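Biologist: I'd like to learn how to read this model from the ligand outwards. Can you walk me through it?

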Amino acid sequence: GETAPLPTVVSEGLPVPTLDGTVDYANFDHAASTPALVSVKTAVDSALRTYSSVHRGNGWASRVTSAWYEQARAEVRAFVGARDGDEVVFTRNSTDSFNLLARCLPRDTQVFVFETEHHAALLPWSARRTHRLPVPGSVADATVLLRTALREHHGRHRLVVLAGASNVTGEVWPVRELAAIARAAGARVVLDAAQYAPHRPVDLDDLGVDYVVLSGHKLYAPFGAGVLAGRSDWLDAAAPYLAGGGATKAVTTRGVVWQEGAARHEAGSPNVIGAVALAAACHSLRTHAAAIEAHESLLGRRLLEGLAAIEGVETYSLFSPDHERVAVATFTVDGIDSSLVSAALSAEHGIGVRDGKFCAHLCVDSLLDDAYAGDATTAVRASVGLATTAEHVDRLLAAVAELAEHGPRADYVLGAQGWAP
Ligand code: PMP
């Protein structure tokens, strides 16, 4: 039948060198960063022709640029399903968004966060009382852990940190269920949508969360633009994240009156090109949501089932092997260092994967403590994107099977840049 169109990336068909010639790049590192969409490049090219500083003057270029910036904010508002009273703040990335939110929490806020979280979601809360919830063994376990922690630690202000999808296993977290538990206890929820928004529609209201965090560079836009969206009260009551121009209403010798709304936390000339790029990506992903989900679920299943079927390869899940997930798979190859697996896939097959602990050390350590993990201390992560083809998946599966059976083709030495043939 007809396949619905997918947004196109600028790097489609990119040739890369391997030990025996050039092949088209099989990029399986989308969970780290995504290539830009053609629609993003078009929007950026057009913005680059006329831009000036945002909200800084009445010159034509400045007025046009200011309008783009606010249009970009409106596009993001729609993308995250922002409600009345929600603010959309442009940041650098998810890490920046979490740090901004952390600074805005009322002093007495207690934070509840699962140890499975990415470091960006796990670490910024050190100035507040934080309750770490252990890595859950099942969805039921996660709900019990959260319910119990909220019952044991009362307080006027509480914030629960939840991932939409794990950047380690790709598993989709039971956000609605956990957010409902938080809400029933009077706690707020921040959703880490860095790995979720590229694959599934985000809707603050539908998911029942108060804040959402995301990164443009995982959404098929370039680096340097991210978002914190959500309830404005704590944001407006807090000191500005950055002090400087654009965040002020008035400055006199006696003091400063700070802006309210997004501008309060966006001091300095804004990254308007980044905002335009991010918004163009949001627009494309929203327009093609159904096709994206269909493409990724097909290839994601082929990838995960293929890997799981290879002798000497272990795949990892937090919840259960058939739990809903985005197209991310983490695996180890018995007896071969994960960074050597990654180097060999690149040098011999033109395949890009990530290896290590994926900025989620507690999560990876817990998964690898599993009896099946042999002596691995790091893992390999393969993640599907819009330009991934079935041929790419099959190339990866064949290459991993060959590695598991025969080891790498060439001799590799471990140098300062990692393993190299
Ligand atoms: N959360 C998750 C789930 C992530 O995967 C990442 C990026 N690996 C981040 C947060 C942090 O994103 P950034 O590096 O863009 O700040």
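Modeller: Sure, ligand first: by class, its shell has 5 nonpolar, 8 polar and 1 charged residues. Here Ala, Val, Leu, Ile, Met, Phe, Trp, Tyr, Cys and Pro count as nonpolar, Asp, Glu, Lys and Arg as charged, and the others, Gly among them, as polar. Mind that this is a predicted model: local features need pLDDT of at least 70, side-chain atom pairs count only at pLDDT 80 or more, and totals for chains, interfaces and linings use all residues. Residues are numbered from 1 along each chain as its sequence is written.

Biologist: How many residues surround the ligand, and which are the closest?

Modeller: A residue is near a molecule if its C-beta atom, placed from the backbone, lies within 6 Å of it. Here 14 residues surround the ligand, and the closest are Asn 93, Thr 95, Asn 167, Ala 194 and Ser 215.

Biologist: Which helices each supply at least two residues of that shell?

Modeller: Helices are DSSP runs (H or I, at least four residues), numbered from the N terminus. In this shell they are H3 (94-104) and H4 (119-122).

Biologist: And at what angle do H10 and H13 pack?

Modeller: Axes are lines fitted to C-alpha atoms over the stretch in contact, with angles from 0 to 180 degrees between N-to-C directions. H10 and H13 (residues 390-406) pack at about 10°, with axes 10 Å apart. Angles under 35 degrees count as roughly parallel, so H10 is roughly parallel to H13.

Biologist: What classes of residue make up the contact of H10 with H13?

Modeller: That contact has 7 nonpolar, 1 polar and 1 charged residues.

Note on methods: Parallel < 35°, antiparallel > 145°, perpendicular 65-115°, else oblique.
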